[in-house]
Amino acid sequence: MKKSLLSLAAMAALVSVNVAQGAPDKQQAAVSSVVLISVDGLHQNDLTWFVQHHPASTLARMVSAGVAFQNARTPFPSDSFPGMVGLATGGHPRTTGVYYDDAYSRGLLPVGTTDCAHPHLGAEVQYAENVDKNLDRLDAGQNIPGLYNNLDLIAQLSAHPAKDLIDPAQLPVDPKTCSPLFPHQYLKVNTVFEVLHAHGMHTAWSDKHAAYDILNGPSGVGIDDLFTPEINSSVTDPSLPAGAGPDFTKNNLDTQRYDGLKVKAVLNWLQGHDHAGNGKPGTPALLGMNFQAVSTAQKLNLSSYVDSKTGNVVTNGLAGYITDASGQTAPGPVLEGALAFVDQQIGRLVNAADLNKTVFIVTAKHGQSPQKRADLTIINDGDMIDALNAAWATKTGTAASTPLVAHAMDDDGVLLWLNDRSEAATQFASDFLYHYAGTGIGSDAAGNKVAKAFTNAGLKKIFAGRDAADFIGVSTHDERVPDVIGIAKLGSVYGGSKLSKIAEHGGDAIEDRHVGLVVFGNTIHAAEVKQPVDTTSVAPTILKLLGLPAEQLQAVRLEGTRPLPLLGDRDE
């Protein structure tokens, strides 16, 4: 029977460990491997719905027999990069320095800089598919022979993306060394992978870009086996005359096929092999992967899916959420299929694991917003930023070659880094956004594009200058903090002029940040925790489970991040 805890203080007491000595308790000694899984986009209400409608599923088993955290929150901004970095470090962007996978630093030099003697500081910092040697290829440019005749050959992908898959010419430049700055060098604190590696423990991880080299941490060697097939690559051979085709995110069945490649790597790790199924390095102390299938099923407007009753492939199915017969918001056929796929694959991993020695942590880097189609308003952020720059040029006489906005990152919120950081400039940007109105794009219940008016640039609150820094928790001297932070109204999504996506993440909406979190496995007893927890607590929890002091994580020391409550609680 599930236990429901009401006292946060009582919960905290349950997870006290002798970190001064780092002595493992009985629970810790019984756990040799932790499997971390991020089901990107998985809201807590998605998990609740799926378990209720699929009581015989693997996720239902995990929720019933494990610790289910009902109010877990990801960091803000709720982008994949800070979300995953938070899981691996125990820190928020104010500590890790990682605000987005496409951000800006006033302390770095632009891509391609060679003259560091006369630097003009300020550079976009994008660590995504753009840093691949060939972003059109699943192998990121390793050029594995015959790959597009047999995608299973992706198992030959290098386990060291910084050395073999990332193009240094696509990286920002460190003015101190005049050398490209790799993702792992950008991170300000160590990772749980590094801590384990330093203790001689084997580590492995699989994610969607070679840029997830960032999880190696500043040492660059935290992950022994890092498997990163490129999700934004062509599903067809890009070397053919037709060129690159759609990527693996444009059809949910392709995303599932992509996720399946990573599942094979995790299965090999669980059997003690490397990601290709070779050798016997042993089952890693920490291993895992992210799933993309749920995320793309939430974001796509239409997609193919497999009909659960007939087994036939249905094209142009409605993605995202629908209103069910009872009037409630529920996963549509594409999303339900994606949830079922992920559940099936997690079931394979659970069945392959030695549950006498293993703990699974299932959560999400981020959620997705909005869930209701009726709430969607797509705003053309390119037009918006152009208008802001033009208005500033008119006001100040500034040359068009020096726009006000140095960099903008807008998914379902607005982050602006400005060339002019004065109070006058930040306040001008804030006032402009507040008064910016127009007509965007919405969706009817059938997935058709409709016109949708918006005001206030789709924002409900704007933080500018010192207020933006305070919102994050850093000083205005922080080299990476945005100058303007816009918190979106529910449903505001920033994009172009097409109904190509119906949801996004990165913002501060509840739907962006309220994610599922379940811990299941050896020594974990059934409980339900309703009090709020941060997903950053996962990193110190991993160390606790494996018998190591959480304080070996720098972000844990700086932020005071506590392990998740209740793990190891036993009936006396």
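Q: Are Phe81 and Tyr212 buried or exposed?
A: Keep in mind that this is a predicted model. Here, buried means under 20% relative accessible area. Phe81 and Tyr212 both fall in that class, so the word for the two of them is buried.

Q: What kind of aromatic pair do the rings of Phe81 and Tyr212 make?
A: A pair of aromatic rings is described by the distance of the centres and the angle of the planes. For Phe81 and Tyr212, the centres are 5.1 Å apart and the planes stand at 80°. Planes over 60 degrees apart count as edge-to-face, so this pair is edge-to-face.

Q: How many residues apart in sequence are the parts that Phe81 and Tyr212 tie together?
A: Phe81 belongs to helix α5, residues 80-89. Tyr212 is in the loop between β9 (204-206) and β10 (225-227). The pair therefore ties together parts whose separation in sequence is 131 residues.

Q: What kind of pair do Phe463 and Phe471 form?
A: Their ring centres lie 4.4 Å apart, with the planes at 20°. Planes under 30 degrees apart count as stacked, so Phe463 and Phe471 are stacked.

Q: Which residue joins Phe463 and Phe471 in one aromatic cluster?
A: Phe463 has 14% relative accessibility, so it's buried, while Phe471 has 31% and counts as partly exposed. The cluster with these two also takes in Phe76.

Q: Which residue has its charged end over the ring of Tyr186?
A: Look for a charged end 3.6 Å from the centre of the Tyr186 ring. The residue it belongs to is Arg480.

Q: Where is Cys178, the disulfide partner of Cys116?
A: The sulfur atoms of Cys116 and Cys178 are 1.9 Å apart, and the two form a disulfide. Cys116 is in the loop between β5 (102-105) and β6 (123-126), 62 residues from Cys178. As for Cys178, its place is the loop between β7 (173-174) and β8 (179-180).

Q: Is Cys178 buried or exposed, or partly exposed?
A: Its partner Cys116 has a relative accessible area of 18%, so Cys116 is buried. Cys178 has 30%, and buried needs a value under 20% while exposed needs one over 50%. That makes Cys178 partly exposed.

Q: What is the orientation of helix α13 to helix α14?
A: The axes of α13 (residues 381-396) and α14 (residues 423-435) come within 11 Å and cross at roughly 130°. Over 145 degrees would count as roughly antiparallel, and 65 to 115 as roughly perpendicular. This crossing, which is right-handed, fits neither class, so α13 is to α14 oblique.

Methods
Residues are numbered from 1 along each chain as its sequence is written. This is a predicted model: local features need pLDDT of at least 70, side-chain atom pairs count only at pLDDT 80 or more; totals for chains, interfaces and linings use all residues. Side-chain values use heavy atoms; hydrogens and water are left out. Rings of Phe, Tyr and Trp (its six-membered ring) pair if their centres lie within 6.5 Å; planes under 30 degrees apart count as stacked, over 60 as edge-to-face and the rest as tilted. Helices (H or I, at least four residues) and strands (E, at least two) are DSSP runs, numbered from the N terminus. Buried means under 20% relative accessible area, exposed over 50%, partly exposed in between (1.4 Å probe, protein chains only). A charge sits over a ring if NZ of Lys or CZ of Arg is within 6 Å of the ring centre and within 35 degrees of the ring normal. A disulfide is a pair of cysteine sulfur atoms within 2.5 Å. Axes are lines fitted to C-alpha atoms, for helices over the stretch in contact, and angles run from 0 to 180 degrees between N-to-C directions. Angles under 35 degrees count as roughly parallel, over 145 as roughly antiparallel, 65 to 115 as roughly perpendicular and the rest as oblique. A crossing is left-handed if the near helix is turned anticlockwise from the far one by less than a right angle, and right-handed if clockwise.
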